[in-house]
Amino acid sequence: MLKQFLHFDFSHDLIGRIADLLLEQGDQLHHTTIVFPGKRPGLYLRKKLAERLGKSFLPPKILSVDEMMQEISGYPHERMLGDVEAAVLLQKLINKFSGNAVSSLLAKHGSFSGFFFWGLELFRLFEEFLTENLDVQTVRRLSEAGVLEEGPADALLIWSGMTELYASWLAELNTTGLCTRGSVYKESAAIDQDPFPEGLFIAAGFFALTACELAVFKHVFSKHESIFAVQGEEPAATEFQFLSDRFECPITLISREQKRPTIRFTPSSGVQHQMVLVRQELSASDLNDCAVVLPRSESLLPFLWEVANHLPEEYNISLTYPLQRTSLYSLMEKILVLQETQDSGRYYFKALISLLSHPFVKNLKLQSSTPADTRIMIHGLCRMTESVKHDFVTIVELRNRLPGNEFPEDNFKGDEAHPAGPDRVAMFDEICSRLITAFENIRTLRGLIERFRDLIFYLAANSEGTRYYFSPEFWERFSDLFQSLLDSDIITGLPEDEPIQINNILRYIIQNETVGFRGTPLRGYQVLGPLEVRSLRFRKVIFLDLNEGVIPGVRKFEPFLSPSLRREIGLPTYRERERIFRHYTRAALLGCDEAVVFYLSGGDKLRSRFAEEMIWDQEKSAGRIIPEDSPQTFMLNLSTASSLSLKKSPFVLKTIRKTRVSPTWIDSYLRCPLQFYFGFMLRIQENSVSTPEMKLGTLIHKILEILFQGVTSFNRSTAKELKKILPEVTDRVFSEQFQVIEGEPLIVKKIAIMRLDRMLDHDSRRSQETPFSIRALETKYQVELPGIPGRRFTGKVDRLEEDAGGLLRIVDYKTGSVDKLKPQSRKMLEGEPPEDRQTMRELIHSFQLPLYMHMLQQETGLPWENLDAAWYSVRDCKFIRLFGKETVEQRQAVLDVCLQSCRILLEEMSDPDRPFENTARDEQECSKCPYRHLCLRR
C-alpha cells in the first residue's frame, strides 16, 4: 500500500506538485481525496488541473480540514454553537450544581453578565481540551494534583470544580445534539471505520497538527494509500519529524537548486505613509500572480481607499474586516455611551452632541425634509446649545432651545420672504424617538438587539450617510448577525440584567465579528491575511506591518494554564503557536521570487523578530551588516488648485451695510473673506461642542469682571485682597457653567486660578512702577466711523485704566499669545498707505486696539497724548503696548492709516462685484480655521 511523507522546500509550487501527483492517477482522479488546512488552496488546485488537462474532468474530492472533520462526525453546521451561546449554556450547567466551587463563583457575580467573560474563557479552554483530545480523566488528574498554585482568585476557584464542569459540558453537547468545533474534532478522532471511499488520500500544506487531526490522519494512513505532503526549510523541522514517526513513514526530501528570493525591507512612519509606499510599489509592478498580505485586518479599508481605488487592475479580498471599525458600530457605541452616562433622564451634553453629529444622523431624511434640512437643524442646535451651562441636559431643554424655523441659514436665500421651512421640532422628536428614548431602560439582550436591528433598517432607508462604497457588506453583516442572535433560543432566553452589563455583552459580540467581501480568488492580485497564504505560491508578495506585536500575534497569558502546566499535559504553549506563525511567514516570503516587506518605524515600534531573523540571514550571506533604511518622506499638497468664490446676495449686502461694525468683523474679513462669510453672515459654527478648555477665555473674562468690580485704585494690598477671593469667584463662575466640577472642568479651573494669580502679581509690580486706578470694566461704546456717514462702530473694552499722570489706557485681555499683534508703525509711516488686504495683514495685523483708541478719543474728546492701549496676555503675563517710542504725531498718523484701511475693507465688503474668496491665505491659520472643511482650498 502506497504511503509517502513528502517534504518539499519553499522553492516548489506545492499546488503544482500536488497536481502532478494527481495526474499520475490517470482516470482515477475523482476517486482521490485531498485535504488542505484551508479552503483557498483547493480553488487553485482545480484551476491548475484544468490548465494541465485542457478539457472537462471529474475533479477529486477537495476538503479543508474543518470540512473533513465535519463530514466524518456527521454534525450539521447549523447545530454549531457560537462562543456567546456557549457561555450562556455553561451558566445554565453551573446553575444545576449545588455546593460546587464553580456555582459559588456564579453566586459571587450574581448575574450572567458578571460571569460572562469567565464563561468565554472557559469555553476557549474546553475547545482546546477537545481539539487536543483531552478526556475527563486527564482533567481530573490535573485538578486533583493541585499543580495550579497561582493565578486569579476566580480562576483557582473554577479549577477546583473543573472536572465536574467539563464532564457536564460534554454530556450536555451529547444529549442536546449541539456541537462546537472542538466537539466535532473530538468526535472525528474517535472513528474506527474507514471515513473515505477507496482511492488515494492526500493531506498537504500542514505544519503542526492538533491531537485530533493527528489521530484522524494516522487512522486514514492505516486504511488508505496515502501521501502526506509538507513544505518547509531544510533540514526537516522537528514538527515534521514528529509526524513522520507517528505515521511510521520516513520523510522523502524533495529539494532542488533554490535561488533565494529578493526581499526588501522598507520602513514607514505610519499607516498612511505605508499605503503610499505600497501604491507606488504596485504601480511599478506586474500585478499578475501578486499577493498583498495584511496581518492587521484594520488596515484593509486604508488599503482599499489609498491603494486599490487608485489602480485599474482587478483585485480579490480574501480576509475579513472587523465590525468594530465600521461607522455603524461607532454610532452604536455613541448610543450606548449616551445611555450609560445619563442621570435620571438628564443626558451628558458632550455625548448627546457627539451622537447627533454622527454622519448617519446628520444626513437623515426626516418628515418631509431633505438631509440638508437635517444638517442645518443639527448644526443650529449645536450652535444654540453653546449657552448650556451644565454638563447634563434633558431632551425637553434641548427641544426648547430649537428656534423653530428661524435659523439664520433660512434668511440668506434672497430678499424675498422665504416659505416656511420644515417643522424642526418634529424632526428633532423623530431623531430622539429613534436614537435616544428607544434605548432607555433596556434590561434584556434581546430587547437591545431588537432596537438596534430596527434602527439599522430605519437608517438604511432614510440616511444618505449610509451610501458609501462598502455599505452593502457592512449593513448586511450587521443585519444577519442581529437576526441570528434573535433566532437563538439560548441567547434570547437570558434574564433581565443591568443595562450597562447588557451593553458590554453586545459590545463583545460585535467586537469579535468580522465582515467578508465577495470576490473571485483566481482573478487579479490577491489581498490576504497571513494564514490565508498557506500552501500558495505567488511570484511577488508585498507584506505589510511586519512589526513585533503584530507578527507573531499570539496570546501569551491566560488565566487558567501557565506555559509549564501546558507542557505537563501536552497542550501547545504560546511558543509552539509562535513557531506556526514563523513557518507560514517564512513560507510566504521565501516561497516567492520577489518580496517587499513594510514595517512601521520610530518610537516604540520594532521590526518583528521574524524580520530580524531574515535580515540576519541576508547579512550572513552578504558577509556584511545591512543598515536599516530611513523612512521615506513625502511632501503632500492636499490643497486643490481652484479657489472658492461666492457671490454676494442682495440680502447679504443689505445685512453688511446695516449691521454695526465691530473689530472682530474687520479682523475676520482681513484674515479671510470666506471665513467672515461663514462665521458672521451664515453664522456657522463648526465646533459644535465647547469644551472647558475652549471656554477658558470667556470664563477668565467673567472672573476678571467680577474680581475687579468696585476696585478703583490698585496697589500691592489690593492685589493681596483680590488673591484671597480669587478661588471663591472662580468657583462661582465655573459653577454657573458646569454642573459638576470634576475631570476636565476641574483641571481648567485650576489653570485659571494659577494664571490669574500670576496676573495679579504682575499687576502689583506694575502698580509699584506706575500707580494706576481702574476706571471701567467691560464697557460698551458706539461711535461713527469718519468718512463713512451712517456707519456705526461698536466695541467692548475689557478694562480702562488711568495712571497717576492722567493717561487713559485701554487694556484688552488675551488668553493666548500677543507677540504678533503689534502693528508695524515704522513701515506704515515710511511707505504708502496699504490698499490691499495682504499688505494690511502684514502691517496692521489687527484693527482692534486702533479702533478702540479711536472710539475712546471720540467718546472722551481727550488729546492723543492722553490715550494709550495695550494687550494683556493672561497666559504669559505679557503687557504689550500698542505704541512704544512713537511721537504723538506719529501715533495719530498710524491711527489714520488704520482708519483709512478700515474704510477700504468696508467698501470692499459692501461691493457686489467683489465676491467672498479665499485667494490669499496663511497655511498656519488655515490649519486652525473652523471652516477649513467647507473651503475648497484645504
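**View 1. H12 is a buried residue in a loop of this predicted model.** H12 has a relative accessibility of 5%, so it counts as buried (under 20% relative accessible area, with over 50% called exposed and partly exposed in between, using a 1.4 Å probe and protein chains only). You will find H12 in the loop between β1 (3-8) and α1 (14-23); helices (H or I, at least four residues) and strands (E, at least two) are DSSP runs, numbered from the N terminus. Setting aside residues up to four places away in sequence, H12 touches R17, Q231, I254, S255, R256 and R537, where contact means heavy atoms within 4.5 Å. One of these partners, Q231, is 219 residues away along the chain, yet the two C-alpha atoms are separated by 8.3 Å. A note on reading these views: residues are numbered from 1 along each chain as its sequence is written, and side-chain values use heavy atoms, with hydrogens and water left out. As this is a predicted model, local features need pLDDT of at least 70 and side-chain atom pairs count only at pLDDT 80 or more, while totals for chains, interfaces and linings use all residues.

**View 2. Helix α1 is largely enclosed by the rest of the structure.** Seven of the ten residues of α1 are buried, which is why the helix is described this way. They are L14, I15, G16, I18, A19, L21 and L22. What do the buried residues of α1 pack against? Their partners are β1, β2 (33-36), α2 (40-53), β4 (201-204) and β5 (226-231).

**View 3. A parallel sheet of six strands carries a helix.** This open sheet has the order β7-β16-β15-β8-β14-β9. At its edges lie β7 (262-268) and β9 (315-317), each pairing on one side only; two strands pair if DSSP finds at least two bridges between them. Neighbouring strands here are turned by 15 degrees against each other on average, direction ignored. β9 and strand β14 (residues 525-528) run parallel and are joined by three bridges, with I317 partnered by V527 in β14. Helix α26 (residues 574-590) packs on the sheet and touches β7, β15 (540-543) and β16 (594-600). The direction of α26 makes about 135 degrees with that of β15 (axes are lines fitted to C-alpha atoms, for helices over the stretch in contact, and angles run from 0 to 180 degrees between N-to-C directions).

**View 4. Y525 is among the residues with the most contacts inside the largest nonpolar core.** Such a core is a set of buried Ala, Val, Leu, Ile, Met, Phe, Trp, Tyr and Cys residues joined through side-chain atoms within 4.5 Å. This one has 121 residues, and helix α6 (residues 112-131) gives the largest share, ten residues. Beyond its neighbours within four places in sequence, Y525 is in contact with several residues, including L282, F303, E313 and N316.

**View 5. An open sheet of six strands shows mixed pairing.** Its order is β18-β19-β20-β21-β22-β23, with β18 (713-714) and β23 (878-881) as the edge strands. β18 and β19 (residues 772-784) pair in the antiparallel sense over two bridges. S713 has S773 in β19 as its bridge partner.

**View 6. Residues 405-420 have pLDDT below 50.** Here pLDDT is the predictor's confidence in each residue, from 0 to 100. The protein chain averages 83, and 87% of the residues score at least 70. Beyond near neighbours in sequence, the 405-420 stretch has 31 contacts in the model. Where pLDDT is low, the predicted coordinates should not be read in detail.
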